Amino acid sequence: MSSVVERGDMSFAERDVEIERELALDTETAAAVGNDLRARILALLAEESGTIESLAADLRAAGEERAEPTVRHHVRKLESAGLVEVERLESVGGGTRKHYRANTRLLPYSLPAASAEGLATAQATTRRGATALVDAVLENHGPAIRAVARELEGGEEGASDDERERVAFVIRELVDRALTGLAASGRFEGEDGST
């Protein structure tokens with residue numbers, strides 16, 4: 001709802017803004033993906049595994065001249081944030097070459113501003129399904145979920161520990177991982193391969 005509020009000799013437009021979504025990023029992950037070069041490296045490693053040398057070559061081919069020590073630094077930041085893992089080790093000339101692979105994919109999409117009306121019915125259906133899912137998960141796995149929620153890292157020192165928020169985060173992670181697995185299995189494609 002929008003309204004105009006008069007304050008002294010000035011008018012201000014006001015509107016109610018509600019939280020529509022939550023984004024869970026710890027500070028290390030936010031810093032890792034907030035860097036353009038690291039985001040590009042993460043995208044490359046989500047497509048196929050790569051070494052520091054191959055990543056530097058891929059970046060050069062895309063017009064981004066980066067030295068291997070710079071690429072190594074950024075890969076280590078991604079690895080430290082838990083976004084990239086060593087997929088395999090290769091013995092090369094008395095040394096070891098690491099092949100990295102992303103375990104996280106950044107999705108570069110956002111819903112069009114005008115999509116809310118067209119998706120209203122789908123959102124209501126999703127909410128009903130999500131309610132049933134959350135009820136079933138808590139009924140069957142509530143103690144384990146609450147135990148993990150109590151052990152969550154992050155949050156601010158001295159902030160009140162809101163158990164509902166933490167439980168919601170754990171369930172959100174479970175649902176996100178399940179949807180990621182479904183997407184990887186091709187579940188969102190039609191019979192003819194289309195979406």
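# Confidence, a hairpin and crossing helices

Author: In this predicted model, confidence is lowest in strand E1 (residues 2-7), with a mean of 58, and highest in H3, at 96. That is pLDDT, the predictor's confidence in each residue, from 0 to 100.

Reader: What is the mean pLDDT of the whole protein, and what share of its residues reach 70 or more?

Author: The mean is 85, and 82% of the residues reach 70 or more. Where pLDDT is low, the predicted coordinates should not be read in detail. Residue numbers run from 1 along each chain as its sequence is written, and side-chain values use heavy atoms, leaving out hydrogens and water. Local features need pLDDT of at least 70 and side-chain atom pairs count only at 80 or more, while totals for chains, interfaces and linings use all residues.

Reader: How do you know that E3 and E4 pair?

Author: Two strands pair if DSSP finds at least two bridges between them. Strand E3 (residues 84-92) and strand E4 (residues 95-102) have eight, in the antiparallel sense. Leucine 89 sits opposite lysine 98 in E4, and valine 86 faces tyrosine 100 in E4. Strands and helices here are DSSP runs, numbered from the N terminus (E, at least two residues; H or I, at least four).

Reader: What links E3 and E4?

Author: A hairpin with two residues between the strands, where glycine 93 in the turn has a positive phi of about 50°.

Reader: Why are H2 and H3 called roughly perpendicular?

Author: H2 (residues 36-47) and H3 (residues 52-61) pack at about 110°, their axes 11 Å apart. Axes are lines fitted to C-alpha atoms, for helices over the stretch in contact, and angles run from 0 to 180 degrees between N-to-C directions. Under 35 degrees is roughly parallel, over 145 roughly antiparallel, 65 to 115 roughly perpendicular and the rest oblique, so H2 and H3 are roughly perpendicular.

Reader: What makes residues of H2 and H3 meet, and which ones are they?

Author: Contact means heavy atoms within 4.5 Å. Leu37, Arg40, Ile41, Leu44 and Leu45 in H2 meet Leu55, Asp58 and Leu59 in H3. By class, that contact has six nonpolar, no polar and two charged residues (nonpolar: Ala, Val, Leu, Ile, Met, Phe, Trp, Tyr, Cys and Pro; charged: Asp, Glu, Lys and Arg; polar: the others, Gly among them).

Reader: What about H2 and H4?

Author: H2 and H4 (residues 68-80) pack at about 75°, with axes 10 Å apart, which makes H2 roughly perpendicular to H4. Among the contact residues are Leu37 and Ile41 of H2 and Val71 and Leu78 of H4. The contact divides into six nonpolar, three polar and two charged residues.

Reader: And why do H6 and H7 get their label?

Author: H6 (residues 120-150) and H7 (residues 163-184) pack at about 115°, with axes 9 Å apart, so H6 and H7 are roughly perpendicular to each other. The residues of the contact of H6 with H7 comprise eleven nonpolar, no polar and four charged.
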